[in-house]
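Biologist: Please show me the model and its sequence. I would like to go through it by question and answer.

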Amino acid sequence: MLIPPDFKPYPYLETYYAGAYWGPRRESPEQCAHRTATFLNLLASCDPSLTHWYKFTRSRKDALKYPLMPPDEATLAENFRKGVNREGKGRVFIELGLSFWLHNGGGKDDSATINITSGSYAEGNSNVCVLSLPTLGRSENADRIITVPVLTSVLRCMALAWEPDWAIAMSDAYQATENERDGQAHDRPGWITYFARHRGTVPPLPAPVRIEHVGDQGTLIILTPERFTYENAEHVALARRVHELLVKAGLMEPIVRRPA
């Protein structure tokens with residue numbers, strides 16, 4: 001595989017995340033809570049460090065007093081109601097969706113967090129569920145989680161619970177540096193990527209890329225069985241090539257169009 005002539009290793013510690021994204025979909029606090037409960041229950045089977053979740057409070061000690069597992073949908077729905085966008089004490093912007101943040105109770109480098117915005121139906125707005133992962137090299141949990149088997153399972157959980165248009169597990173360094181290289185932000189395939197069936201058909205992709213199906217719901221694309229890192233020029237070249245092929249296949253179209 002050719003190494004890009006302009007390749008430069010990212011100079012900072014690589015961090016990783018998994019995120020699901022979908023277009024406008026109006027949902028009530030109860031519907032958001034049901035999807036969240038489904039996601040948390042599925043996620044618990046992926047790794048022991050993803051079995052405990054707490055809402056954010058002023059301190060970690062206080063947060064541990066309010067466990068969210070096993071999920072209680074009434075409690076989750078109330079948290080989503082509190083996460084509505086509002087203008088001070090005035091107008092409520094329900095069309096912008098409902099937000100909720102959770103964490104797994106870990107320390108600084110061992111923490112996993114979930115950021116959810118669901119129920120948004122405003123033109124040009126998307127909904128998200130992002131799982132930020134512990135820091136590699138500083139967490140035994142991270143070394144165990146940031147692998148193909150676990151992250152593939154995480155994206156399957158996201159696909160089943162949220163029914164997103166697409167989802168991704170990826171290095172923040174790759175995304176940030178590729179955006180800097182292009183001069184603007186773009187959606188890009190990740191180390192592992194999920195496309196809903198309605199997005200289109202995944203084209204033939206070069207080795208060592210592997211494709212898996214999530215029932216009849218969508219498709220997972222796994223770039224490499226080893227841990228993807230931006231410091232590996234071959235990984236970067238492969239990601240860029242797959243991006244080109246997916247763009248040609250029409251799979252990288254934005255999930256929402258911004259108003260002119």
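The exchange below covers confidence, overall form, the sheet, the cysteines and a few single residues.

Biologist: What kind of model is this, and which pLDDT does the protein chain average?
Modeller: This is a predicted model, in which local features need pLDDT of at least 70 and side-chain atom pairs count only at pLDDT 80 or more, while totals for chains, interfaces and linings use all residues. Residues are numbered from 1 along each chain as its sequence is written, and side-chain values use heavy atoms, with hydrogens and water left out. pLDDT is the predictor's confidence in each residue, from 0 to 100. In the protein chain 90% of the residues score at least 70, and the average is 88.

Biologist: Over which residues is the pLDDT below 50, and how many contacts does this stretch have beyond near neighbours in sequence?
Modeller: A contact means heavy atoms within 4.5 Å. The pLDDT is below 50 over residues 1-5. Beyond near neighbours in sequence, the contacts of this stretch in the model number 8.

Biologist: What radius of gyration does the protein chain have, and what would a compact globule have?
Modeller: The radius is taken over C-alpha atoms, and the globule rule is 2.2 Å times the number of residues to the power 0.38. For 260 residues the rule gives a value near 18 Å, and the protein chain agrees with it at 19 Å.

Biologist: How many residues of the protein chain, as a percentage, count as buried?
Modeller: Buried means under 20% relative accessible area, exposed over 50%, and partly exposed in between (1.4 Å probe, protein chains only). Of the 260 residues in the protein chain, the buried share is 53%.

Biologist: What is the order of the strands in the open sheet?
Modeller: Helices (H or I, at least four residues) and strands (E, at least two) are DSSP runs numbered from the N terminus, and the protein chain has 7 helices and 9 strands. Two strands pair if DSSP finds at least two bridges between them. The open sheet has 9 strands with antiparallel pairing, in the order E2-E3-E4-E5-E1-E6-E7-E9-E8.

Biologist: Why is one side of E2 and of E8 left without a neighbour in the sheet?
Modeller: Strands of a sheet pair through backbone hydrogen bonds, either parallel or antiparallel. Strand E2 (54-55) and strand E8 (210-214) each have a single partner strand, so one side of each lacks a neighbour, and both stand at the edges.

Biologist: Which strands pair with E7, and which residue in E9 stands opposite Tyr194?
Modeller: Strand E6 (residues 166-171) pairs with E7 in the antiparallel sense over 4 bridges, and Ile168 stands opposite Thr193 in E7. E7 (residues 192-196) also pairs with E9 (residues 218-222), again antiparallel, over 5 bridges. In that pairing Phe195 faces Thr219 in E9. The residue in E9 opposite Tyr194 is Leu220.

Biologist: Which residues point each way from E7, and are they buried or exposed?
Modeller: E7 is mostly covered, with 5 of its 5 residues buried. Ile192, Tyr194 and Ala196 point one way and Thr193 and Phe195 the other way, and all are buried.

Biologist: How many disulfides are there?
Modeller: A disulfide is a covalent bond between the sulfur atoms of two cysteines; here it is counted as a pair of cysteine sulfur atoms within 2.5 Å. By this rule the count is 0. Cys32 is in no disulfide, and the nearest cysteine sulfur, that of Cys129, is 11 Å away.

Biologist: How far is the sulfur of Cys157 from the closest cysteine sulfur?
Modeller: Cys157 is buried, at 6% relative accessible area. The closest cysteine sulfur belongs to Cys46, and the separation is too far for a bond, at 3.6 Å.

Biologist: Where does Pro24 lie, and how far is its C-alpha from that of Asn125?
Modeller: Pro24 lies in the loop between strand E1 (16-22) and helix H1 (29-43), and is partly exposed at 42% relative accessibility. Leaving aside neighbours within four places in sequence, its contacts include Ser120, Tyr121 and Asn125. Pro24 and Asn125 are 101 residues apart in sequence, yet their C-alpha atoms are separated by 6.2 Å.

Biologist: Is Arg35 buried or exposed?
Modeller: Arg35 is in helix H1. Leaving aside neighbours within four places in sequence, Arg35 is in contact with Arg25, Glu27, Ala161, Trp162 and Glu163. At a relative accessible area of 13%, Arg35 counts as buried.
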